[in-house]
6 protein chains.
Amino acid sequence: MTDIVTFGETMLRLSPPRGDRLERTGELDVQAGGAESNVAVAAARLGCDAVWLSKLPDSPLGRRVVSELRSHGVRTGIAWDDSGETRMGTYYLEHGGDPRGTNVIYDRSGAAVTTAKPDELPRGAVRNAEVFYTSGITPALSSTLAETTASLLETAQDADTTTAFDLNYRSKLWTPEEAGEKYESLFSHVDVLVGAERDIEACLGRSGDPADVARELADEYDFETAIVTLSDEGSVAVHDGEVYEQGVYAAETFDAIGTGDAFVGGFLANRLDGGDVPSSLAYGAATASLKRTIDGDLAVVTPEEVAAVVEEDADAISR
Amino acid sequence: MTDIVTFGETMLRLSPPRGDRLERTGELDVQAGGAESNVAVAAARLGCDAVWLSKLPDSPLGRRVVSELRSHGVRTGIAWDDSGETRMGTYYLEHGGDPRGTNVIYDRSGAAVTTAKPDELPRGAVRNAEVFYTSGITPALSSTLAETTASLLETAQDADTTTAFDLNYRSKLWTPEEAGEKYESLFSHVDVLVGAERDIEACLGRSGDPADVARELADEYDFETAIVTLSDEGSVAVHDGEVYEQGVYAAETFDAIGTGDAFVGGFLANRLDGGDVPSSLAYGAATASLKRTIDGDLAVVTPEEVAAVVEEDADAISR
Amino acid sequence: MTDIVTFGETMLRLSPPRGDRLERTGELDVQAGGAESNVAVAAARLGCDAVWLSKLPDSPLGRRVVSELRSHGVRTGIAWDDSGETRMGTYYLEHGGDPRGTNVIYDRSGAAVTTAKPDELPRGAVRNAEVFYTSGITPALSSTLAETTASLLETAQDADTTTAFDLNYRSKLWTPEEAGEKYESLFSHVDVLVGAERDIEACLGRSGDPADVARELADEYDFETAIVTLSDEGSVAVHDGEVYEQGVYAAETFDAIGTGDAFVGGFLANRLDGGDVPSSLAYGAATASLKRTIDGDLAVVTPEEVAAVVEEDADAISR
Amino acid sequence: MTDIVTFGETMLRLSPPRGDRLERTGELDVQAGGAESNVAVAAARLGCDAVWLSKLPDSPLGRRVVSELRSHGVRTGIAWDDSGETRMGTYYLEHGGDPRGTNVIYDRSGAAVTTAKPDELPRGAVRNAEVFYTSGITPALSSTLAETTASLLETAQDADTTTAFDLNYRSKLWTPEEAGEKYESLFSHVDVLVGAERDIEACLGRSGDPADVARELADEYDFETAIVTLSDEGSVAVHDGEVYEQGVYAAETFDAIGTGDAFVGGFLANRLDGGDVPSSLAYGAATASLKRTIDGDLAVVTPEEVAAVVEEDADAISR
Amino acid sequence: MTDIVTFGETMLRLSPPRGDRLERTGELDVQAGGAESNVAVAAARLGCDAVWLSKLPDSPLGRRVVSELRSHGVRTGIAWDDSGETRMGTYYLEHGGDPRGTNVIYDRSGAAVTTAKPDELPRGAVRNAEVFYTSGITPALSSTLAETTASLLETAQDADTTTAFDLNYRSKLWTPEEAGEKYESLFSHVDVLVGAERDIEACLGRSGDPADVARELADEYDFETAIVTLSDEGSVAVHDGEVYEQGVYAAETFDAIGTGDAFVGGFLANRLDGGDVPSSLAYGAATASLKRTIDGDLAVVTPEEVAAVVEEDADAISR
Amino acid sequence: MTDIVTFGETMLRLSPPRGDRLERTGELDVQAGGAESNVAVAAARLGCDAVWLSKLPDSPLGRRVVSELRSHGVRTGIAWDDSGETRMGTYYLEHGGDPRGTNVIYDRSGAAVTTAKPDELPRGAVRNAEVFYTSGITPALSSTLAETTASLLETAQDADTTTAFDLNYRSKLWTPEEAGEKYESLFSHVDVLVGAERDIEACLGRSGDPADVARELADEYDFETAIVTLSDEGSVAVHDGEVYEQGVYAAETFDAIGTGDAFVGGFLANRLDGGDVPSSLAYGAATASLKRTIDGDLAVVTPEEVAAVVEEDADAISR
């Protein structure tokens with residue numbers, strides 16, 4: 001039985017050197033990045049048997065992504081598209097520094113994954129997994145993907161696979177109203193919800209004390225666990241009616257992209273390893289803090305490193 | 001009055017280091033490349049006042065292309081698309097070596113230029129030019145562009161601007177039949193035709209002695225000049241009923257991409273400078289041979305360098 | 001009519017990687033840098049039609065500089081020196097970190113520009129400009145240049161072109177006394193003066209409250225605008241008898257070189273765009289803060305980025 | 001059932017840039033390289049389910065190797081050594097050019113793999129494989145490894161797993177006599193022998209017509225297949241009493257290291273896919289020729305690329 | 001007469017780019033690093049005639065180290081080992097950032113230096129030196145080296161060469177007890193002792209007020225000078241019964257490795273130049289602070305730079 | 001006693017990556033290069049005690065050159081110029097490829113060395129050397145240097161130091177007539193003359209059979225040895241009335257710069273080691289052929305590598 005299966009889009013991430021700008025650069029660093037594969041990599045590195053499902057163009061670029069994920073121990077279930085009609089999604093990342101923000105330019109329209117139908121994917125992998133994870137980015141990418149996302153969540157639910165979902169609202173893909181409506185339609189299939197405080201407010205119209213928000217969501221949608229992540233990157237979880245708070249571990253940030261995914265990957269990996277919710281929140285926060293020190297979307301960490309952060313900073317829970 | 005105006009798509013060209021492969025690379029070299037801007041750069045560097053027309057997304061990536069072309073002295077007339085609906089075309093180039101071919105992966109679907117309509121472009125620039133150049137790639141990119149290409153050629157013709165057209169058949173964009181039909185529909189607006197022997201055979205169904213082919217084409221479509229480029233990269237031109245042959249200048253090839261465009265740019269620049277057809281063929285061939293020694297699509301050469309090749313190799317005309 | 005014409009020396013800037021030292025480095029990053037072209041680039045990028053005048057050796061190195069400036073949209077009016085008697089000025093920049101200072105080694109003696117006479121330069125461009133800008137570096141480079149600088153300022157004045165001048169005292173080029181004498185001889189042709197507090201004290205012997213200093217200078221030399229920049233990089237301007245103060249926008253400094261030029265470029269661009277003095281001071285400060293985050297001498301920014309800094313930090317005026 | 005299992009040492013390969021020398025370089029390129037993992041990578045990339053067995057230090061360096069192999073789809077069965085007593089083998093590779101030879105400096109003494117005992121390795125993987133492959137390097141590395149190699153070959157033989165063995169004589173590890181004695185002691189467990197003509201002569205004392213040599217070896221040791229590779233890199237095989245000859249495919253050599261392993265990997269992959277010996281020889285030769293164009297030990301190729309070489313060069317069999 | 005002779009191991013230091021991790025990196029920066037050569041380089045750069053003694057494999061890797069040390073003006077006295085039995089020690093350095101620590105992986109077992117016997121080394125150089133320096137790393141590397149270290153210290157003592165010794169406890173090489181015993185056995189030959197507060201506590205079992213600890217050590221072992229370096233990197237020295245305290249100079253840390261060696265090198269160089277203990281402590285602290293801003297183990301500084309730090313921060317003595 | 005002392009200018013050599021062009025490059029490789037230090041490095045690496053004399057600016061750039069030469073074991077005798085009036089000579093090298101030639105741009109005017117007077121240099125080093133070497137570049141750089149060159153040659157002659165001189169005519173520095181006149185004025189102090197066939201013809205007006213030319217020169221100027229190097233890079237020597245011919249060793253050329261200096265360095269090193277003229281010619285040719293495979297001006301070779309070329313190609317003497 002697989003520990004965790006994730007489904008979503010992964011792009012080639014193209015970045016100029018620090019201090020340089022996209023509009024004059026002569027060189028781009030290449031890495032693979034996408035919320036759901038980021039989660040799979042974090043989980044795999046932390047000891048899980050992790051599988052990432054997606055659809056990719058049958059090209060060196062598609063294989064480039066699989067190659068990088070496999071190097072971290074993630075197995076892949078790919079619908080290879082050799083139609084020549086679709087492309088590899090990319091995103092350009094320009095590192096900033098105050099007052100110049102980090103700039104992300106998505107170039108993902110027409111990506112192969114936007115045409116992925118349930119039957120093209122190894123649905124059995126979802127059924128055999130302990131956890132199935134996807135994020136709110138996936139249904140935003142196309143109506144086909146919205147249906148596929150719903151279908152896979154249902155498949156998981158029917159198979160008693162725990163489902164985890166991170167809102168991951170992306171304003172460049174849809175409006176908060178569109179997102180909120182879709183999120184709510186999926187919630188009946190979701191066991192573990194993760195959402196940023198600001199996404200919850202924008203898309204679900206709920207604000208106030210994060211613990212109250214988490215409790216309300218858990219109650220209304222019958223989530224096993226509801227986690228609200230905060231703007232300072234701490235988090236609050238409600239699980240079985242209990243509230244758990246987790247502060248952030250201080251980090252020198254080299255690259256902030258993928259921090260949230262590292263949190264989710266660390267949280268789920270620890271849960272799968274038998275951790276209780278508060279220990280998993282700490283494990284997720286530690287994974288996220290380590291991620292910040294590493295170039296790229298991926299949490300290239302070891303279980304020992306994460307454990308060391310948790311143990312040395314047992315009192316980092318600041319709230 | 002402008003010497004030469006060109007119109008077409010320019011992409012970001014992304015290449016891994018030599019010996020590396022796209023499917024594992026961690027680094028991409030970035031340059032601008034496109035047939036018509038390659039011609040404009042060659043012409044500008046060789047002394048022409050050259051302008052490139054196109055449509056680009058209003059983004060750092062679009063500005064990246066303009067920036068590189070401007071650095072070579074090309075002026076640009078851009079329809080900036082801030083709709084967010086279109087993208088920057090890119091192509092991935094993996095350098096090969098026998099028996100592994102150089103691999104080009106186009107990622108140009110949905111590019112801003114495919115939506116370019118005549119009215120968005122500075123049509124006046126075409127009217128004020130001595131020469132207007134585009135290639136057979138442009139009408140292949142979209143039906144909108146096919147119409148725009150025809151319209152701009154007509155505009156040029158009406159203004160007594162000399163029109164030059166390189167077949168540049170791309171099998172990944174359309175069939176030979178589609179291409180041939182379109183080419184023929186444009187020929188009535190074309191003064192100077194350039195075509196590779198194999199493209200002429202595939203799309204126009206004409207083969208045999210290159211001089212005969214050139215003469216037939218010139219006669220049938222009333223071209224002022226018809227140039228057939230050969231598989232060994234020599235060329236044969238028919239101009240005013242005369243046949244001129246030009247051999248290749250030997251070159252150590254560092255990067256073969258853009259060689260044909262360098263030939264056209266060198267040929268037209270010399271014609272604009274008052275050269276007769278045989279001297280312009282030599283000038284084009286010399287520009288092309290220098291291009292081969294330089295990384296990237298662009299002929300980063302000086303008039304002195306081109307002249308030196310022509311003069312030292314006066315007997316290079318081997319046919 | 002051109003918005004702004006600048007005149008001065010631009011060098012090749014050669015830098016080892018961060019953390020490395022010139023005396024062992026195996027690699028140098030190459031960029032173009034010079035006060036007056038830095039100002040031209042900032043202005044051009046912020047929407048002005050900007051022209052940079054200079055004299056350069058007719059060599060790949062001279063063309064290297066023009067190429068980079070053109071890539072940012074600056075037009076150039078160059079006296080090309082093919083005598084072989086002069087050279088391309090360079091400067092070596094070693095990035096430091098406390099307690100090791102950033103080290104600049106000028107290698108500019110014998111540069112082509114030091115021989116530039118007024119008649120070699122497109123004096124008409126100065127007459128047709130809204131603003132003519134040069135800095136106190138230019139007259140320090142040679143007696144020829146000192147005369148040329150005076151001559152071009154006079155030309156501008158005669159044509160009702162607004163003249164702007166930044167003291168930019170360089171102790172490696174001349175003494176404060178020499179500089180002060182020359183500055184004062186030029187002030188009768190200057191409309192907008194920019195000077196660092198410490199340069200004003202060292203060369204002009206004036207110190208005390210910056211607003212008082214600015215007012216005294218404006219009164220004595222009849223400057224339209226007098227701007228004193230402070231050691232903390234804020235600024236005080238006196239214009240039409242009014243005093244305006246501008247604080248700095250906080251920035252993570254990646255590369256501090258060129259910050260002052262970015263301030264001037266931003267200030268002048270905004271003035272040319274119709275901004276009043278306080279808004280232009282803010283615009284200049286914002287351009288400077290963005291510059292700090294970018295590698296190289298040049299403010300590779302967009303008008304939108306500068307506006308965002310100004311708007312979000314409306315209360316950054318800390319004095 | 002696994003297609004192919006290989007066993008042996010893989011090192012970190014450290015190379016200075018081309019044209020540079022180890023004794024002054026400031027930069028090393030890092031890749032994984034080792035005969036048996038090279039074979040596994042080639043086979044995996046050509047469609048096999050391939051597993052590499054070895055022992056590695058439990059460190060980032062050990063994981064670096066696994067990471068790279070996994071990225072090509074190879075699964076690994078590793079005995080992780082956390083004793084801190086062993087190290088990661090490395091080798092330094094300095095690319096040459098006539099008359100300066102390519103220089104390899106092994107730094108493999110004390111490598112974890114030299115302590116690998118059969119019980120530490122997943123012996124079941126060997127039993128479940130179609131093919132088990134190792135080379136003559138492995139038993140040369142330590143007496144422990146010599147025993148382990150023999151033991152695994154026996155295990156394979158007992159399980160009816162086809163065994164393949166490449167002599168790969170390394171003069172820096174042992175004498176020809178030592179090697180020859182060990183080889184012969186292993187031959188009773190070997191089904192497919194591959195040996196370079198010069199190794200066979202040096203270690204086994206057999207020379208003369210390669211076909212005769214192959215036949216003699218096959219007869220004496222009852223090999224199913226005996227392949228002699230030639231100094232010009234062609235090969236001769238004897239299989240079921242038949243002789244097959246294979247020429248080389250011409251290649252522009254970027255990096256010759258790993259060519260022999262690519263040949264074996266291609267040969268075995270094609271055999272496993274049902275190819276007969278002559279077609280597998282061609283497939284191996286094509287894989288090797290492609291490898292030559294690629295940086296590193298590994299044949300980063302696709303089945304389509306190999307097939308294209310074979311098909312276009314059907315008459316490359318030059319002997 | 002030589003100013004200073006040092007003896008010990010120097011390794012190749014191999015580092016991935018910042019933000020990257022050893023287990024996925026494709027590139028390693030190469031530098032030479034080792035406590036005793038770091039001291040020699042600092043001393044040589046600050047004006048001393050410095051010689052480094054060691055044993056190295058007779059290979060490009062051994063020459064790589066000598067080459068780098070010589071480039072800084074250090075002379076070398078090397079026992080070249082052409083036995084092929086030993087290797088070049090290396091260490092892998094992965095730069096960290098909170099909460100991920102900088103990671104050092106030693107790969108020094110079997111290094112040539114571990115077999116260095118006194119007679120292989122130019123013992124006369126030790127006799128002719130003003131100062132002989134080695135550190136507590138050297139005797140920890142092998143029993144042979146432990147004897148050689150003792151022998152060379154005796155040789156120095158007999159020749160009235162001042163001996164300096166830095167504890168430099170390395171927990172990966174031996175236990176505190178083993179280290180403490182060895183240290184104490186060497187102390188009778190040591191004139192100047194340097195030890196980190198934490199090493200003194202761990203290995204020598206002495207803690208408390210650093211000045212008291214220094215005084216006790218000086219008294220018990222009759223050290224001419226005893227220096228205790230503190231966790232905040234300040235230091236306390238006892239010399240001729242007087243206590244001297246030195247604070248740290250603030251530094252932006254680019255690379256902390258080698259800071260302690262820079263301190264020792266600066267201290268000894270200033271002593272050799274006639275400085276008294278407090279001025280030499282300041283000089284050492286300044287050298288160390290500059291080192292922090294520079295990539296690599298080595299203090300690539302000039303006497304002028306060190307003097308500038310000391311002079312500008314005369315009141316940096318914060319304790 | 002020193003084996004060889006050389007005197008001349010060494011520059012920083014700045015090169016863009018292969019395939020790139022100076023006028024657009026963003027990166028320059030830095031190395032030290034100069035005829036006389038090239039000879040010193042070759043000789044030092046081949047076992048000589050070699051000293052290079054020159055004058056350099058007292059700056060990181062000057063120290064950069066000394067650092068690189070020292071790394072190869074060359075000792076230096078430098079007149080450090082801290083006047084701030086002179087500069088570090090540089091040269092820009094753009095690698096070419098047919099038909100685009102390799103391009104060298106000298107930027108050496110005003111270099112410190114042009115002001116070097118005999119009394120500033122360690123004249124004693126010349127007296128204590130077996131061989132003193134300089135080339136015809138040195139007297140061409142300034143009239144001061146012309147006098148210094150003559151003075152040092154005289155000093156050497158008076159001390160019975162063998163003097164060696166390579167014409168090294170540089171047309172960018174002076175006319176053939178000027179050069180010829182100066183050469184002839186120095187010949188009375190020269191023992192070993194090396195001259196390219198074309199330089200001898202251009203500057204000394206002698207042509208015809210190289211052996212005859214060498215003999216004539218040896219006779220007329222009483223050279224101990226006269227060596228004519230040929231356009232195909234072979235050489236002919238006349239020594240004690242005997243003629244010796246040496247062919248070239250075939251080489252894959254990575255970088256041709258410095259080949260002639262490597263020849264001289266190898267020749268002199270072998271002579272100093274007791275080789276006779278024909279063996280030294282072979283040794284020089286082998287050193288030169290190895291140099292061709294190495295990036296930079298310097299022959300980064302070992303005695304073993306040179307010997308291997310000579311031995312394996314004993315019949316390479318093709319004439």
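These legends go with a set of views of a predicted model.

**View 1. Chain A as a whole.** Here we look at one chain by itself. Chain A is built from ten helices and 13 strands. Its C-alpha atoms sit in a box of roughly 50 × 45 × 40 Å along the principal axes. How does the radius of gyration of chain A fit with a compact globule? For 319 residues such a globule would come out near 20 Å, and chain A, at 18 Å, agrees with that.

**View 2. Inside and outside of chain A.** Start with the inside: 64% of the 319 residues of chain A count as buried. The contacts reach a long way along the sequence, too. Taking contacts between residues at least 6 apart, 70% of those in chain A join residues at least 24 apart. On the outside, chain A exposes about 10900 Å², and 42% of that comes from carbon and sulfur atoms. As for charge, chain A carries 57 negative side chains and 26 positive ones. The centres of these two sets lie 7 Å apart.

**View 3. Close-up on E:Phe132.** This view moves to chain E, where E:Phe132 is part of strand 8, which covers residues 129–135. Is E:Phe132 buried or exposed? With a relative accessibility of 0%, E:Phe132 counts as buried, because the cut-off for buried is under 20%.

**View 4. The neighbours of E:Phe132.** Leaving aside residues up to four places away in sequence, what does E:Phe132 touch? Early in the chain there are E:Val5, E:Thr6 and E:Phe7, among others on the list. E:Val126 is another contact, and so are E:Leu152, E:Leu153 and E:Ala156. The list also includes E:Thr161, E:Thr162, E:Thr163 and E:Ala164. For a sense of scale, E:Arg271 is 139 residues from E:Phe132 in sequence, while their C-alpha atoms are 13 Å apart in space.

**View 5. Chains B and D around an axis.** Two copies of a chain are related by a rotation about an axis and a shift along it. For chain B on chain D, the turn is 120° and the shift along the axis is 0.0 Å, with an RMSD of 0.0 Å. These two copies are thus related as by a three-fold rotation axis. Which residue of chain B comes closest to the rotation axis? That is B:Arg18, with its C-alpha at 6.6 Å.

**View 6. Chain pairs without contact.** Chain C and chain D do not touch, and their nearest C-alpha atoms are 8 Å apart. Chain B and chain E have no contact joining them either, with their closest C-alpha atoms 8 Å apart.

Notes:
Residues are numbered from 1 along each chain as its sequence is written. Chains are lettered from A and ligands numbered from 1 in the order in which they are written. This is a predicted model: local features need pLDDT of at least 70, side-chain atom pairs count only at pLDDT 80 or more; totals for chains, interfaces and linings use all residues. Side-chain values use heavy atoms; hydrogens and water are left out. Copies are superposed by least squares on the C-alpha atoms of residues with pLDDT of at least 70 in both. Helices (H or I, at least four residues) and strands (E, at least two) are DSSP runs, numbered from the N terminus. The radius of gyration is taken over C-alpha atoms; the globule rule is 2.2 Å times the number of residues to the power 0.38. Buried means under 20% relative accessible area, exposed over 50%, partly exposed in between (1.4 Å probe, protein chains only). Contact means heavy atoms within 4.5 Å. Accessible areas come from the Shrake-Rupley method with a 1.4 Å probe; for residues, only the protein chains shown count as cover. Lys and Arg count as positive and Asp and Glu as negative; His and the chain ends are not counted. The place of a charge is taken as NZ of Lys, CZ of Arg, CG of Asp or CD of Glu.
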